[in-house]
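Thanks for making the time this morning. I would like to walk you through one model, going from site to site, and I will try to be careful about what we can say at each stop.

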Amino acid sequence: MKALCWHGKNDIRYDTVPDPEIEHGRDAIIKVSSCAICGSDMHLYDHFIPTMEKGDVVGHEFMGEVMEVGAENKELKVGDRIVVPFTITCGECEQCRRGNFSVCERSNRNKSLADKMFGHAGAGLFGYSHLTGGYAGGQAEYVRVPFADKTHVKVPEGLTDEQVLFLGDIFPTGWQAAAQCDIQPTDTVAIWGAGPVGQFCIRSAVLLGARQVICIDNVPERLSMAEAGGAITINFDSESVLERLQELTHGKGPEKCIDAVGLEAHATRSLDSVYDRVKQAVMLESDRAHVLREMIYVCRPAGVLSIPGVYGGLVDKIPMGALMNKGLTVRTGQTHVKRWTDDLMNRIQEGQIDPSFVITHTVGLDQGPEMYKTFREKQDGCVKVVLKP
Ligand SMILES: NC(=O)c1ccc[n+]([C@@H]2O[C@H](COP(=O)([O-])OP(=O)(O)OC[C@H]3O[C@@H](n4cnc5c(N)ncnc54)[C@H](O)[C@@H]3O)[C@@H](O)[C@H]2O)c1
Ligand SMILES: [Zn+2]
Ligand SMILES: [Zn+2]
């Protein structure tokens, strides 16, 4: 079959690889009808996530039709149309029983590797390095879904791929980021990053009843999309983020701050971002923490910092004194996708939201390697890419 494979920094190829096969009774094989490129894939593309190997099939936002099911899988049958959550969940371990699906204790088959790096491993993820299980990803014609009896969302009749595809990742990711803010009707929610995840943070914060939603980025078409979703925008190239946030909150700061940027943050006007770039380049620091520092500084005391943005390793110069003395709460994590998908599917069916608003490019899987570049460089107005195998 054909698939997008990682070969090193900025090197994704459209390769021919062996077809996947059932390896375990709970597996399913699906024929991918649509898949997407995620901001998290950029961290692989730019080679910030360790333990990738040449030839690894990438992609973790995908859906399709069930072609084959393992003997123990009683939940799926051939022909079912499903979205696949990017966090692989067994549904039975202590964490899965609590709904903490992204830290499933059983789905990461390279658990000992991740235990060494992080103290305790998280769940297995599709197409996201050997630290998260080394599972082949979904930017491919076919995928093996491990624990498929639990790791799926069935698609009701009458919905298009474009309406439901993002239930596998960015919609629940934006939703979880907002839900973890415990939004009150008097709250200002400030969101750094107007990429696909930021866009879903905005729509989720609005649906959850925030008084004011503010979004920060420097890409004009992304800021326009943010405005269309109900946010006031700040362009960090032409405005001071600190001053504007103070103004918009009458000097008090936003109660809730969301980092939808992650480890590749950039900001041209600040000294600390130059420091991060230099340290990252000489490998003394793996992640750039400019957004984290800015959030800690501007957040209203007793506020919440919600961090869906991905970090891989070490960050430097975190103002711990400000974080502690302001009494801030930090909430973060890979998304517990299945915790949210029933509710979000209902909201799509009721017409509260149509997630397809974020799509700017739909192309064949063979054009994947170019689209990684287009998305990375934010060329051609690109916000979200859907690939059709
Ligand atoms: N927690 C999860 O489960 C989960 C799931 C999906 C994605 N993510 C992560 O969410 C983050 C965003 O994903 P995305 O798909 O939207 O990616 P993206 O790269 O398209 O978006 C990031 C946006 O941040 C902006 N940005 C950069 N520096 C900034 C700064 N200093 N201030 C404000 N904005 C800044 C960029 O211009 C860009 O528009 C990534 O780190 C991704 O890995 C996490
Ligand atoms: Zn993702
Ligand atoms: Zn589990």
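In this predicted model, a backbone N or O atom of Gly193 lies 3.5 Å from a nitrogen atom of ligand 1, and a polar backbone atom of Ile216 is found 3.4 Å from a nitrogen atom of that ligand. On the side-chain level, Ser40 places a polar atom 2.6 Å from an oxygen atom of ligand 1. If you step back from these individual pairs, you will count 33 residues surrounding ligand 1, of which the closest are Ser40, Asp217, Arg222, His266 and Pro308.

Let me turn to the metals, beginning with ligand 2. Which residues coordinate the zinc ion that is written as ligand 2? The donors are Cys38 through SG, His60 through NE2 and Asp169 through OD, at 1.8 to 2.3 Å, and along the chain they follow the spacing C-x21-H-x108-D. The pair of His60 and Asp169 links distant parts of the chain, since the two residues are 109 residues apart: His60 sits in the loop between strand 4 (56-57) and strand 5 (61-69), while Asp169 belongs to the loop between helix 4 (161-164) and helix 5 (170-179). Both His60 and Asp169 are buried. Please keep in mind that water is not among the atoms here, so a metal site may look incomplete.

The zinc ion that is ligand 3 has a set of cysteine donors, namely the SG atoms of Cys90, Cys93, Cys96 and Cys104, at 2.3 to 2.4 Å. Their spacing along the chain reads C-x2-C-x2-C-x7-C. Why do we call this arrangement tetrahedral? The four donor atoms subtend angles of 105 to 117° around the zinc ion, ligand 3, and four donors count as tetrahedral if all angles lie between 85 and 135 degrees. For reference, the ideal angle for four tetrahedral donors is 109.5 degrees. As for burial, Cys90 has a relative accessible area of 0% and is therefore buried, and Cys93, at 6% relative accessibility, counts as buried too.

From there I would like to move along the chain to Ser107, which has its place in the loop between helix 2 (94-97) and helix 3 (111-118). Is Ser107 buried or exposed? With 0% relative accessibility it counts as buried, and its side chain reaches the backbone nitrogen of Gly124 at 2.9 Å. Setting aside residues up to four places away in sequence, Ser107 touches Ile88, Thr89, Ala123, Gly124, Tyr135 and Phe147.

Two of those partners deserve a word of their own. Gly124 is part of strand 8, residues 124-125, and is likewise buried, at 0% relative accessibility. Beyond its neighbours within four places in sequence, its contacts include Phe86, Thr87, Ile88, Asn108 and Thr132. The C-alpha atoms of Gly124 and Lys111 are 8.5 Å apart, with the two residues separated by 13 residues in sequence. Phe147, for its part, lies in the loop between strand 9 (142-145) and strand 10 (153-154), and counts as buried at 15% relative accessibility, the cut-off for buried being under 20%.

Phe147 also brings me to backbone angles. Most residues other than glycine have a negative phi. In Phe147, however, phi is positive, near 50°, and Asp182, in the loop between helix 5 and strand 11, likewise has a positive phi near 50°. Positive values also turn up just after helices: His250, which follows helix 8, has a phi near 50°, and Lys378, just after helix 13, takes a phi of about 55°.

Let me finish with those two helices. In helix 8, residues 241-248, the buried residues are Val241, Arg244, Leu245 and Leu248. Seen down the helix axis, they fall within an arc of 100°, so they line one face of helix 8. The face turned away from that buried side carries the exposed residues Glu243 and Glu247. What do the buried residues of helix 8 pack against? They pack against strand 11 (188-192), strand 12 (212-217), strand 13 (232-235) and helix 10 (290-298). In helix 13, residues 368-377, the buried residues are Gly368, Met371, Tyr372, Thr374 and Phe375.

Methods:
Residues numbered from 1 in each chain as written. Chains lettered and ligands numbered in written order. Predicted model: local features only at pLDDT ≥ 70, side-chain atom pairs only at ≥ 80, totals over all residues. Heavy atoms only, no water. Donors = N, O, S within 2.8 Å, 3.2 Å for Na, K, Ca; no water. Tetrahedral: all angles 85-135°; square planar, octahedral: opposite > 155°, others 65-115°. Buried < 20%, exposed > 50% of the residue type's maximum accessible area, 1.4 Å probe, protein only. Helix = DSSP H or I, 4+ residues; strand = E, 2+ residues; numbered from the N terminus. Arc of directions from axis to C-beta. Contact = heavy atoms within 4.5 Å. Near = heavy atom within 4 Å. Polar contact = N/O pair within 3.5 Å; in protein donor to acceptor, adjacent residues only side chain to side chain.
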